[in-house]
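Take a moment to look over the fold before reading on. We will go through it piece by piece, from sheets to metal to ligand to single residues.

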Amino acid sequence: MELESFRVGLTPTVFYIPGFITDEEQTQLLNHIYGGSGSKWKTLKNRRLQNWGGMVHEKGLVPQELPSWLTKITTKIHESSGLFPSAINHVLINEYHPDQGIMPHQDGPAYFPVVAILSLGSPVVMDLSPHLRLRSSSDDDISRECGGPERDNQHSFSVLMMPRSLLIFKDDAYSDYLHGISDSPTQCYKQVINEAEALSYSENSSGEDGDNKILHRDQTRVSLTCRLVPKVHKNLFRF
Ligand SMILES: O=C(O)CCC(=O)C(=O)O
Ligand SMILES: [Fe+2]
């Protein structure tokens with residue numbers, strides 16, 4: 001895979017790979033995610049999640065072996081991207097109903113600064129915006145209305161994440177930006193940096209309102225956030 005050809009936007013560095021997995025692989029992953037006892041889910045205020053690979057602490061990972069249905073995908077990401085210095089050892093699975101999202105945040109310091117997010121189910125828009133310390137004061141009014149005024153913040157950008165796609169970000173996009181997903185069941189994809197790449201690949205346009213560029217999130221979305229925690233603690237008591 002020539003990763004460079006999947007680069008999108010101007011901020012270093014974002015890659016969007018449509019159709020990273022097949023329909024069948026998506027179905028298999030969803031079966032594993034929902035096939036367990038259910039006890040793996042942790043319910044948060046605005047989403048549910050499953051933590052795989054062990055517990056991440058500020059100082060590193062107390063590891064737990066990833067199941068083979070996950071290493072199949074993490075190995076493929078590791079090998080095809082060439083961006084991780086060693087095997088991906090942590091996967092967070094997030095589930096979002098159409099009115100759920102994730103607050104703008106930066107991923108914790110324990111992770112190697114490259115993140116790969118595999119999307120399943122409903123399409124969604126992710127917003128990336130610079131940290132406050134990097135913004136000028138005139139940048140603060142961000143319009144999210146479709147057809148409304150242009151966004152004031154010339155540095156913010158959004159990415160459309162279709163099912164089966166892989167989004168990778170690193171460098172400034174990782175270290176100087178917050179990423180988040182709004183909790184709105186309708187989202188605007190008018191200004192996403194990868195509209196052509198995302199839409200040309202989607203076999204049907206379910207959920208997308210072509211003229212107004214409004215995405216109707218009518219299904220659950222499930223994402224797999226795949227990362228490497230370089231520091232692994234073999235012994236919990238030697239922290
Ligand atoms: O669900 C997503 O696409 C993003 C998840 C995320 O940002 C995280 O788990 O840190
Ligand atoms: Fe994140």
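**A walk through the model**

Start with an open sheet of four strands, whose order is E7-E12-E9-E10 and whose pairing is antiparallel. Its edge strands are E7 (102-105) and E10 (157-161), and each of these pairs on one side only. From one strand to the next, the twist averages 20°. Keep in mind that this is a predicted model.

Now look inside that sheet. Strand E9 covers residues 124-130, and strand E12 covers residues 177-181. The two pair in the antiparallel sense, over four bridges. You can pick out one facing pair here: Pro130 stands opposite Tyr177 in E12.

A second sheet is also open. It has seven strands, in the order E1-E11-E8-E16-E6-E3-E2, again with antiparallel pairing. Strand E1 (14-17) and strand E2 (42-43) are its edges, each pairing on one side only. Within this sheet, E6 and E16 pair in the antiparallel sense over seven bridges. Follow His90 across, and you reach its bridge partner in E16, Arg227.

Next comes the metal. Which residues coordinate the iron ion (ligand 2)? They are His105 through NE2, Asp107 through OD and His179 through NE2, at 2.0 to 2.2 Å. Along the sequence, these donor residues follow the spacing H-x1-D-x71-H. Asp107 lies in the loop between E7 and strand E8 (114-121), while His179 lies in strand E12, so this pair ties together parts that are 72 residues apart in sequence. Are Asp107 and His179 buried or exposed? Both Asp107 and His179 are buried.

Ligand 1 comes next. It is surrounded by 15 residues. The closest are Tyr96, His105, His179, Arg221 and Ser223. Two of these names are familiar: His105 and His179 also coordinate the iron ion (ligand 2).

Three side chains place polar atoms by oxygen atoms of ligand 1. For Asn94, an N or O atom of the side chain is 3.2 Å from an oxygen atom of the ligand. For His179, a polar side-chain atom lies 3.0 Å from a ligand oxygen. For Arg221, the distance between a side-chain N or O atom and an oxygen of ligand 1 is 2.9 Å. How much of ligand 1 does the protein bury? Taken alone, the ligand exposes 290 Å², and the protein buries 97% of that.

Where does the shell around ligand 1 come from? The elements giving two or more residues to it are strand E6 (90-96), E7, E12 and strand E16 (221-227). E16 provides the largest share, with four residues. Both sheets therefore appear in this list: E7 and E12 belong to the four-stranded one, while E6 and E16 belong to the seven-stranded one.Turn now to some single residues. His131 is found in the loop between E9 and E10. At 11% relative accessibility, His131 counts as buried, because the cut-off for buried is under 20%. The side chain of His131 makes a polar contact with that of Gln106, at 3.2 Å.

Gln50 sits in strand E3, which spans residues 48-52. Gln50 is buried too, with a relative accessible area of 2%. Its side chain makes a polar contact with the side chain of Trp52, at 2.9 Å.

Lys59 offers a contrast. This residue lies in the loop between strand E4 (54-57) and strand E5 (60-63). Lys59 has a relative accessible area of 55%, so it counts as exposed, the cut-off being over 50%. Its C-alpha atom is separated by 34 Å from that of Met162, and the two residues are 103 residues apart along the chain.

Finish with the backbone. Pro12 and Thr13 are joined by a cis peptide bond, with omega at about -10°. Thr13 has its place in the segment before E1.

Arg164 is not a glycine, yet it has a positive phi of about 80°. You will find Arg164 in the loop between E10 and strand E11 (166-170). Arg164 is buried, with a relative accessible area of 10%.

Asp171 is not a glycine either, and its phi is positive at about 55°. Asp171 is found in helix H3, residues 171-175. With 36% relative accessibility, Asp171 counts as partly exposed.

Notes
Residues are numbered from 1 along each chain as its sequence is written. Chains are lettered from A and ligands numbered from 1 in the order in which they are written. This is a predicted model: local features need pLDDT of at least 70, side-chain atom pairs count only at pLDDT 80 or more; totals for chains, interfaces and linings use all residues. Side-chain values use heavy atoms; hydrogens and water are left out. Two strands pair if DSSP finds at least two bridges between them. Axes are lines fitted to C-alpha atoms, for helices over the stretch in contact, and angles run from 0 to 180 degrees between N-to-C directions. Donors are N, O and S atoms within 2.8 Å of the metal (3.2 Å for Na, K and Ca); water is not among the atoms, so sites may look incomplete. Buried means under 20% relative accessible area, exposed over 50%, partly exposed in between (1.4 Å probe, protein chains only). A residue is near a molecule or strand if one of its heavy atoms lies within 4 Å of it. A polar contact is a pair of N or O atoms within 3.5 Å; within protein, one must be able to donate a hydrogen and the other to accept it, and residues adjacent in sequence count only if both atoms are side-chain atoms. Accessible areas come from the Shrake-Rupley method with a 1.4 Å probe; for residues, only the protein chains shown count as cover.
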